[in-house]
Amino acid sequence: ALASQNASTELLAAIRLAGSLGDSGWKLTDDLKTRILSGVEKDGDPRLGESIYRRNDLQCTSCHAIAGAGGRVGPDLVSIGASAQDDYLLESIIEPNKKVKENFHSTLILDVDGQVISGIPIREDDQTLVIRNPRDEIQSIPKANIEDRREGRSLMPDGGVDLLTEKEIVHLLRFLSVLGEPGDFA
């Protein structure tokens with residue numbers, strides 16, 4: 001359910017509750033934050049981090065592009081290392097809903113047929129709302145078909161890095177931290 005492009009917040013909450021999964025996965029404690037951040041510069045390998053970023057089971061490239069190559073649901077990461085501190089990057093991958101980048105809050109729509117649709121708003125006028133859905137598809141929704149609309153959460157799933165070891169998170173964070181900086185990952 002976590003890797004699903006159509007992950008339902010309610011379904012994920014029910015699964016976590018039923019399986020006591022709220023107690024599993026990475027929790028960003030001060031101790032963990034200190035260990036990972038100190039390891040990024042010392043032990044982090046950006047090349048290993050890139051291979052982790054590109055792993056199919058993590059689906060990072062489904063939503064994020066680097067210099068236009070990849071998905072467009074989340075922010076392009078081309079210069080993320082030059083513009084964001086390591087602690088912000090760490091928080092973003094472990095707690096993606098804590099700080100959602102501007103223009104990347106999702107919109108939840110309940111249509112007149114009772115279907116729930118979510119996505120990142122692209123544009124709208126008096127008749128139509130256009131969103132980019134979690135599958136990176138453009139979807140036009142006639143406003144006459146919208147029964148309810150509210151701001152949603154980040155489309156980046158909670159627990160997206162729960163499959164990684166601490167060392168893998170260090171490598172991934174090192175890769176992200178050098179994107180856009182002078183050198184091999186500029």
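Student: What makes His-171 count as buried in this predicted model?

Tutor: His-171 has a relative accessible area of 10%, and buried means under 20%, so His-171 is placed in the buried class. The residue sits in helix α7, and, leaving out residues up to four places away in sequence, His-171 touches Asp-43, Gly-44, Asp-45, Leu-48, Gly-49 and Ile-52.

Student: Which residues of α3 are buried, and how do you know that they line one face of the helix?

Tutor: The buried residues of α3 are Pro-46, Gly-49, Ile-52 and Tyr-53. Seen down the axis of α3, these buried residues fall within an arc of 110°, and therefore they line one face of the helix. What covers them includes α4 (60–63), β1 (65–66) and α7. At the start of α3, moreover, a side-chain oxygen of Asp-45 comes to within 2.9 Å of the backbone nitrogen of Arg-47.

Student: Why is that pair of Asp-45 and Arg-47 called a polar contact?

Tutor: A polar contact is a pair of N or O atoms within 3.5 Å, and the pair at the start of α3 joins a side-chain oxygen of Asp-45 to the backbone nitrogen of Arg-47 within 2.9 Å, so the distance meets the cut-off.

Student: Why is Leu-58 called buried although its place is in a loop?

Tutor: Leu-58 lies in the loop between α3 and α4, but the class rests on accessible area: with a relative accessible area of 12%, set against the limit of under 20%, Leu-58 is buried. Leaving aside neighbours within four places in sequence, Leu-58 is in contact with Ile-52, Gly-160 and Leu-164. Of these, Gly-160 is 102 residues apart from Leu-58 in sequence, while the two C-alpha atoms are 6.5 Å apart in space.

Student: And Gln-59, in the loop between α3 and α4: what makes this residue partly exposed?

Tutor: Gln-59 has a relative accessible area of 27%, and the partly exposed class runs between the limits of 20% and 50%, so Gln-59 belongs there. The phi angle of Gln-59 is near 60°, a positive value in a residue other than glycine.

Student: Where is Ala-67, and why is it called exposed?

Tutor: Ala-67 is in the loop between β1 and β2 (69–70). Its relative accessible area is 60%, and exposed means over 50%, so Ala-67 is assigned to the exposed class. Phi of Ala-67 is near 55°, again a positive value in a residue other than glycine.

Student: How do you know that Ser-154 is buried, and what does its side chain reach?

Tutor: Ser-154, found in the loop between β7 and α7, has 12% relative accessibility; the limit is under 20%, so Ser-154 counts as buried. Its side chain reaches the backbone nitrogen of Met-156 at 3.0 Å. Not counting residues up to four places away in sequence, Ser-154 touches Pro-96, Asn-97 and Val-100.

Student: What makes up the largest nonpolar core, and which helix gives the most to it?

Tutor: This core has 27 residues, of which Ile-36, Leu-172, Leu-176 and Leu-179 touch the most other members. Helices α2 (30–43), α3 (46–53), α6 (86–94) and α7 (166–178) each supply at least two residues of the core, and α7 gives the most, with seven residues. Apart from this core lies another, of six residues, among them Ile-117, Leu-129, Ile-141 and Ile-146. As for Leu-176, its contacts are with Leu-77, Ile-80, Gly-81, Leu-89 and Ile-93, not counting residues up to four places away in sequence.

Student: How do you know that β4 and β5 pair, and what makes β6 and β7 edge strands?

Tutor: Two strands pair if there are at least two bridges between them, and four bridges join β4 (residues 116–124) to β5 (residues 128–132), so the two strands pair, running antiparallel. Within this pair, Glu-124 stands opposite Leu-129 in β5. The open sheet has five strands in the order β6-β5-β4-β3-β7, with antiparallel pairing; β6 (138–142) and β7 (146–151) are the edge strands, each pairing on one side only. From one strand to the next, the twist averages 45°.

Note on methods. Residues numbered from 1 in each chain as written. Predicted model: local features only at pLDDT ≥ 70, side-chain atom pairs only at ≥ 80, totals over all residues. Heavy atoms only, no water. Core = buried A, V, L, I, M, F, W, Y, C linked by side-chain atoms within 4.5 Å. Buried < 20%, exposed > 50% of the residue type's maximum accessible area, 1.4 Å probe, protein only. Contact = heavy atoms within 4.5 Å. Axes fitted to C-alpha atoms, helices over the stretch in contact; angles between N-to-C directions. Arc of directions from axis to C-beta. Polar contact = N/O pair within 3.5 Å; in protein donor to acceptor, adjacent residues only side chain to side chain.
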